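Let's go through this one in questions and answers, from the overall build down to a handful of residues. Have the viewer open as you read.

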Amino acid sequence: MEKLMSILPQYINKAIKKLNSFQISNLTEIRLRVNKPAYMYISGIEYGINENGISKYDGIIFSKEDSKEMWRRLCEGSPYSTTIKQRSGYITVAGNRVGFCGEYALLDDKIKHIEKISSFCVRIKHEVKGCSNKFFRYLFDNNEFENTLIVSPPGCGKTTMIRDMARLLSFEGYNVCVVDERDEIAACIDGVPTLDVGKRTDVFCNVKKTVAIENIVRSLRPDIIIVDELGDQNDILSITQASKKGVKLISTIHGKNINDVIEYQQMFDRFVFLSKKEGVGTVDGIYNKQFKNVVKNIC
């Protein structure tokens, strides 16, 4: 949190320091829009930020000057050094994703860089050990781990879940390799994970999935590879090739129901659907390759 706080306006840092331990552990987002009130989200509830901390009412206005200074700090004083990251719409700070939008410069209908920032969405990472315990045993068939896809809309805890799954699988004796393309799963500093992904887990950070998977299969003899947010066909081809070589897979994707993942039916054996119905990380269902629910009640 310290590194993240170093880029935020001082009045937000003061508000964070006044939060109690429960509020800190349930702080999920900070939303900042130029010339609009600043908000924090704790346990899904919106709070305004003021001189005394937080309240249910609108508070301090996030100014254009605040935005410029936060952008300068986020880019470590050199916006042009982060041009490639700007094109993706976010920069990761110690495992926390800082999304942004505003006025972009285009070249041949592709984003060149961002020129003026209008808003930030700061998503706070959380390490919730044991959050995958309730469904972990359903991911095995005859004591063999099954290729698993975690499915949910944004903000439902997919990354937190796969981090915990890496830890549990490592504890069970598997050699796990995590492809941490955006540095959000393990939150590495100097290449070393700062979050617990397990004692038998290797991490490739800030590397494209296609490059990392090829190197992992060739050199690290993994039992299981974990990747976050499947993207284009190149990602799919890479994990398919790894699977053909006997490596088990865990990945995530945005979606709400079975219709959103039909194209992955032959690739995965378990589909875990998450939501926020009873809080972040609610498990709505676990399905097999035939999309039949493998468990009635998840406790």
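Q: How many helices and strands are there in the protein?
A: Keep in mind that this is a predicted model. Its secondary structure is a mix of both kinds of element, and the tally is nine helices and 18 strands.

Q: What radius of gyration does the protein have, and what would a compact globule have?
A: A compact globule with 299 residues would come out near 19 Å, so the protein's own value agrees with that rule. Along the principal axes, the C-alpha atoms fill a box of roughly 60 × 45 × 35 Å. The radius of gyration itself is 20 Å.

Q: What share of the residues of the protein count as buried?
A: Here a residue has to fall under 20% relative accessible area to be called buried. The accessible surface of the protein comes to about 15,400 Å², and carbon and sulfur atoms own 47% of that. Out of the 299 residues, the buried share is 51%.

Q: Of the contacts with a separation of 6 or more, what percentage is between residues 24 or more positions apart?
A: Take the contacts in the protein with a separation of 6 or more, then pick out the pairs 24 or more positions apart. Those pairs account for 59%.

Q: How far apart do the centres of the positive and negative side chains lie?
A: There are 43 positive and 37 negative side chains in the protein. Take the centre of each set, and the separation is 2 Å.

Q: Is S55 buried or exposed?
A: You'll find S55 in strand β5, which covers residues 53–55. Its relative accessible area is 19%, and the cut-off is under 20%, so S55 counts as buried.

Q: Which side chain makes a polar contact with the side chain of S55?
A: Start with who touches S55 once neighbours within four places in sequence are set aside: Y47, G48 and N50. The S55 side chain also reaches the backbone nitrogen of Y57, at 3.1 Å. For the side-chain to side-chain polar contact, the distance is 3.4 Å and the partner is N50.

Q: Which residue's backbone nitrogen does the side chain of N288 reach?
A: N288 sits in strand β18, residues 282–288, and is buried at 16% relative accessibility. Beyond four places in sequence, N288 touches D269, R270, F271 and V294. The backbone nitrogen that its side chain reaches, at 3.0 Å, is that of Q290.

Q: What is the phi of R221?
A: Look in the loop between α8 (209–219) and β15 (224–227), where R221 lies. With a relative accessible area of 59%, R221 is exposed. Its phi is positive although R221 is not a glycine, at about 45 degrees.

Q: Where is E229 found, and what is its phi?
A: E229 belongs to the loop between β15 and α9 (233–244). E229 is another residue other than glycine with a positive phi, and the value is near 55 degrees.

Q: How far apart in space are E103 and I117, C-alpha to C-alpha?
A: E103 has its place in strand β8, residues 96–107, and counts as partly exposed at 41% relative accessibility. Not counting residues up to four places away in sequence, E103 touches I114, E115 and K116. I117 is 14 residues away from E103 in sequence, and the distance in space is 6.5 Å.

Q: What is the C-alpha to C-alpha distance between R33 and S63?
A: R33 lies in strand β1, residues 27–33. At 34% relative accessible area, R33 is partly exposed, and its contacts outside four places in sequence are Y39, F62, S118 and S119. Although R33 and S63 are 30 residues apart in sequence, the distance in space is 8.1 Å.

Q: What separates the C-alpha atoms of L168 and K129?
A: Go to helix α7, residues 158–171, to find L168, which is buried at 12% relative accessibility. Leaving aside neighbours within four places in sequence, L168 is in contact with S132, N133 and F136. L168 and K129 are 39 residues apart along the chain, and their C-alpha atoms are separated by 9.1 Å.

Note on methods:
Residues are numbered from 1 along each chain as its sequence is written. This is a predicted model: local features need pLDDT of at least 70, side-chain atom pairs count only at pLDDT 80 or more; totals for chains, interfaces and linings use all residues. Side-chain values use heavy atoms; hydrogens and water are left out. Helices (H or I, at least four residues) and strands (E, at least two) are DSSP runs, numbered from the N terminus. Buried means under 20% relative accessible area, exposed over 50%, partly exposed in between (1.4 Å probe, protein chains only). A polar contact is a pair of N or O atoms within 3.5 Å; within protein, one must be able to donate a hydrogen and the other to accept it, and residues adjacent in sequence count only if both atoms are side-chain atoms. Contact means heavy atoms within 4.5 Å. The radius of gyration is taken over C-alpha atoms; the globule rule is 2.2 Å times the number of residues to the power 0.38. Accessible areas come from the Shrake-Rupley method with a 1.4 Å probe; for residues, only the protein chains shown count as cover. Lys and Arg count as positive and Asp and Glu as negative; His and the chain ends are not counted. The place of a charge is taken as NZ of Lys, CZ of Arg, CG of Asp or CD of Glu.
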